[in-house]
Amino acid sequence: MSPMLKRFLTKDLGLDLGTANSLVYEKDKGIIFREPSVVAIQKENNQIVAVGEEALHMIGRTPGNIFALRPLREGVIANYELTKELIRHLLKKALKRRFGLKPRVVVSIPTGITGVERRAVLDATLGAGAGEAFLIEEPVAAAIGAGLPVQEAIGNMVINIGGGTTDVAVISLGGVVAGLSIRVGGDAMDNSIIRFIRRQYNLLIGERSAEELKIRLGTAYPFADEEEQKEEARGRDQVSGLPKNVAVTAAEIREALKEPVAMIINAIRQVVEKTPPELVADIINQEIIMTGGGALLKGIDRLVAQELSMKVRLAEDPMACVVKGAGMTLEHLDTLKRALVGRKKSTR
Ligand SMILES: Nc1ncnc2c1ncn2[C@@H]1O[C@H](COP(=O)(O)OP(=O)(O)OP(=O)(O)O)[C@@H](O)[C@H]1O
Ligand SMILES: [Mg+2]
């Protein structure tokens, strides 16, 4: 078969295994689907009964013998077997009714995972039917997906705030020159809101409600029109045990979010401090890009700009940057080869 025909028949996929959601990108098509990173398991025999959307749907609707797990807690691979199952599920779904050659798949991995874990992800991807598997670090993928010229010899800074982790990285020539990954992201923000409401109102709210309050009312910076804004927090009174609602303000939620937000700012500062001087000049002269769902917190871009005296831009469709970047790497393999940190071919 001619190489050109072969390329034509091979599907190229990008995979973002996120703490909260996993996304799949296909060359020439864009994002083809996203699914929650959840696996449902039968209690008695530890059998996997469902993965993704179906698994999430089962929670709370099935008798107590099925429970759900997130294989990628805090952006690290907490459970290899379940991660493998998740990859298999995503690839199967992406490749359904498809004959032809085995796909090439780029998987974004959290920074700081071990060599053993990297090999495990490569093997799981090949085991799930890929012809060739590649690894890319999440912040590098985020930067590529946000349109930064990562292959050039200039410093580009990206801040990816996910559910489990925040990655701050300065990238040059396709690689991370200085970076830091902290286990503070959207989930930590939700937990801070839960703690705040409990302290302030003796009210216990769930993770879902906390996330909702964050999305509807959350800010990192005061806004002129926020005075009128209030939302109901619904939960259970800690004293009486009965359901209770209280109205909370944007200023309160900002107060609740202060700690995780400060930790993110602090991480950025630390990365700037360990960036080589020539590259610091680059990042000061350009825009810092923010990606990930947590970057959607209102005003966080403005706060970062103010605290660090730098220009900041929120990426377009921030939650899609990582998977886009992973997928795009294969389309520009000649220039982006350096961004890949692992590669393995199927022997079958
Ligand atoms: N408008 C919003 N304001 C604030 N936070 C938001 C908003 N929309 C989504 N989020 C948060 O973004 C987070 C999910 O982001 P993302 O999909 O980038 O994470 P992930 O890739 O699954 O996690 P990780 O990269 O840590 O593995 C969740 O915590 C969610 O609550
Ligand atoms: Mg992510």
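Author: Two residues are in contact here if their C-beta atoms, placed from the backbone, lie within 7 Å. The model discussed below is a predicted one.

Reader: Among contacts in the protein between residues at least 6 apart in sequence, what percentage join residues at least 24 apart?

Author: The count leaves aside pairs that are closer in sequence than the limit, since it takes in contacts between residues at least 6 apart. Of these contacts in the predicted model, the share that joins residues at least 24 apart is 66%.

Reader: What is the radius of gyration of the protein, and what does the globule rule give for 348 residues?

Author: The protein is built with 12 helices and 17 strands, and its C-alpha atoms fill a box of roughly 70 × 60 × 30 Å along the principal axes. Buried residues account for 46% of its 348 residues. The protein is as compact as a globular protein of that length, because its radius of gyration is 21 Å, close to the value from the globule rule, which is 20 Å.

Reader: How far apart are the end C-alpha atoms of helix α4?

Author: Helix α4 runs over residues 115-127, and at 1.5 Å a residue its 13 residues should span 18 Å. The model agrees with that expectation, because the end C-alpha atoms of α4 are separated by 18 Å.

Reader: Which elements do the buried residues of α4 pack against?

Author: The buried residues in question are V121, L122, A124, T125 and L126. Just after the helix comes G129, which takes a positive phi of about 115 degrees. As for packing, the buried residues of α4 lie against α3 (80-94), β7 (104-109), β8 (132-137) and β17 (340-345).

Reader: Which element gives the most to the shell around ligand 1?

Author: Around ligand 1 there are 22 residues, of which G18, G162, G186, G293 and L296 come nearest. Two or more residues of this shell come from each of the elements α6 (186-201) and α7 (207-217). By class the shell holds five nonpolar, 14 polar and three charged residues. The element that contributes most, with three residues, is α7.

Reader: Is A188 buried or exposed?

Author: A188 belongs to helix α6, and its C-alpha atom is separated by 7.9 Å from that of G163, although the two residues are 25 apart along the chain. A residue needs 20 or more other C-beta atoms within 10 Å of its own to count as buried. Because A188 has 23 other C-beta atoms within 10 Å, A188 is buried.

Terms used. Residues are numbered from 1 along each chain as its sequence is written. Chains are lettered from A and ligands numbered from 1 in the order in which they are written. This is a predicted model: local features need pLDDT of at least 70, side-chain atom pairs count only at pLDDT 80 or more; totals for chains, interfaces and linings use all residues. Helices (H or I, at least four residues) and strands (E, at least two) are DSSP runs, numbered from the N terminus. The expected span of a helix is 1.5 Å times one less than its number of residues. A residue is buried if 20 or more other C-beta atoms lie within 10 Å of its own, exposed if 12 or fewer, and partly exposed in between; C-beta atoms are placed from the backbone. A residue is near a molecule or strand if its C-beta atom, placed from the backbone, lies within 6 Å of it. Ala, Val, Leu, Ile, Met, Phe, Trp, Tyr, Cys and Pro count as nonpolar, Asp, Glu, Lys and Arg as charged, and the others, Gly among them, as polar. The radius of gyration is taken over C-alpha atoms; the globule rule is 2.2 Å times the number of residues to the power 0.38.
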